[in-house]
Amino acid sequence: MGLITAVTWAIAALAGVYLLYFWLSGDGLRRAKVTRFPAALVFSHPTLAVSALVCWVAGLVTGSRALAWAAFGGLAVAALLGFTMSTRWLGAGRHKTGGRGFPVLAVTLHGLAGVATFALMLLTASAAGAGPGGNGP
């Protein structure tokens, strides 16, 4: 299940990189002070997700349950930040605007892959033991 989780995470990451590129190329940094997407929110979401991915890979390589749960915690916070951006995007009607709006397919793919990754990671992290302190794959 760890490999399937890694695949869904890769799909979410690729769609997320595309969305970040789209935001940056559309002057997202310069307009961040007047839009619903502050730079701190936009950059902390992928930073936490990448940090969690590093913990996840380290946990898979070493078999450490503590790293797997640390990765899950980081991903949970990243997911909350992503949910915040998603609700702001929907609330602002950005999904309906042409030209400057985010690509709906990429946002949907990123969100669905993120939710799948979150669920798979919870199942995988809890499958081998009773809690965050256990050892083993």
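The accessible surface of the chain adds up to about 7800 Å², and carbon and sulfur atoms hold 74% of that area. The model behind these values is a predicted one. Of the 137 residues in the chain, 33% count as buried. As for secondary structure, there are five helices and zero strands, so the pattern read along the sequence is simply α-α-α-α-α. Contacts reach well along the chain: among those with a separation of 6 or more, 77% join residues 24 or more positions apart.

Three of the helices can be checked for length. Helix α1 has 24 residues, which should span 34 Å at 1.5 Å a residue, and its end C-alpha atoms are indeed 34 Å apart, so the two values agree. Helix α5 also has 24 residues and an expected span of 34 Å, and here too the distance between the end C-alpha atoms, 34 Å, agrees. For α3, again with 24 residues and an expected 34 Å, the ends are 35 Å apart, which still counts as agreement. Just after α3 comes G63, with a positive phi of about 80°.

Next comes the question of which parts of these helices are covered. In α1 the buried residues are G2, T5, T8, W9, A12, A15, G16, L19 and W23. The buried set in α3 includes L41, V42, H45, A49, A52, W56 and G59. In α5, the buried residues include A106, V107, A113, T117, L120, M121, T124 and A125. A bit of helix geometry is handy when reading such lists: an α-helix has 3.6 residues a turn, so residues three or four places apart point the same way.

Two residues of α1 show what some of this cover looks like. T8 sits in helix α1 and has a relative accessible area of 14%; that is under the 20% cut-off, so T8 counts as buried. Leaving out residues up to four places away in sequence, T8 touches A113, A116, T117 and L120. Of these partners, A113, T117 and L120 are themselves among the buried residues of α5.

Further along, L19 is also in helix α1, and its relative accessibility of 9% makes it buried as well. Apart from neighbours within four places in sequence, its contacts are F102, P103, A106, V107 and H110. Two of these, A106 and V107, are on the list of buried residues in α5. L19 and F102 are 83 residues apart along the chain, yet their C-alpha atoms are separated by 7.4 Å.

Over in α3, T47 gives another case. With 48% relative accessibility, T47 falls between the 20% and 50% cut-offs and is therefore partly exposed. T47 and A78 are 31 residues apart in sequence, with 8.2 Å between their C-alpha atoms.

That leaves the empty space. Rolling a probe the size of a water molecule over the atoms shows where empty space is left. The largest pocket has a volume of about 970 Å³. Its lining takes in 36 residues, and those closest to the pocket centre are H45, G82, M85, H110 and G111. One of them, H45, is also listed as buried in α3, while H110 is one of the contacts of L19.

Several helices share in this lining: α1 (2-25), α3 (39-62), α4 (65-91) and α5 (104-127) each supply at least two residues. The largest share belongs to α5, with 11 residues. By class, the lining of the largest pocket has 27 nonpolar residues and nine polar ones, with no charged residues.

Terms used: Residues are numbered from 1 along each chain as its sequence is written. This is a predicted model: local features need pLDDT of at least 70, side-chain atom pairs count only at pLDDT 80 or more; totals for chains, interfaces and linings use all residues. Side-chain values use heavy atoms; hydrogens and water are left out. On a 1 Å grid over the protein atoms alone, a cavity is a set of points where a 1.4 Å probe fits but cannot get out, and a pocket is an open set with protein on both sides within 12 Å along at least five of seven lines; lining residues have an atom within 4 Å of a point. Grid points are joined across faces, edges and corners, and a volume is the space filled by probe spheres set on the points. Helices (H or I, at least four residues) and strands (E, at least two) are DSSP runs, numbered from the N terminus. Ala, Val, Leu, Ile, Met, Phe, Trp, Tyr, Cys and Pro count as nonpolar, Asp, Glu, Lys and Arg as charged, and the others, Gly among them, as polar. The expected span of a helix is 1.5 Å times one less than its number of residues. Buried means under 20% relative accessible area, exposed over 50%, partly exposed in between (1.4 Å probe, protein chains only). Contact means heavy atoms within 4.5 Å. Accessible areas come from the Shrake-Rupley method with a 1.4 Å probe; for residues, only the protein chains shown count as cover.
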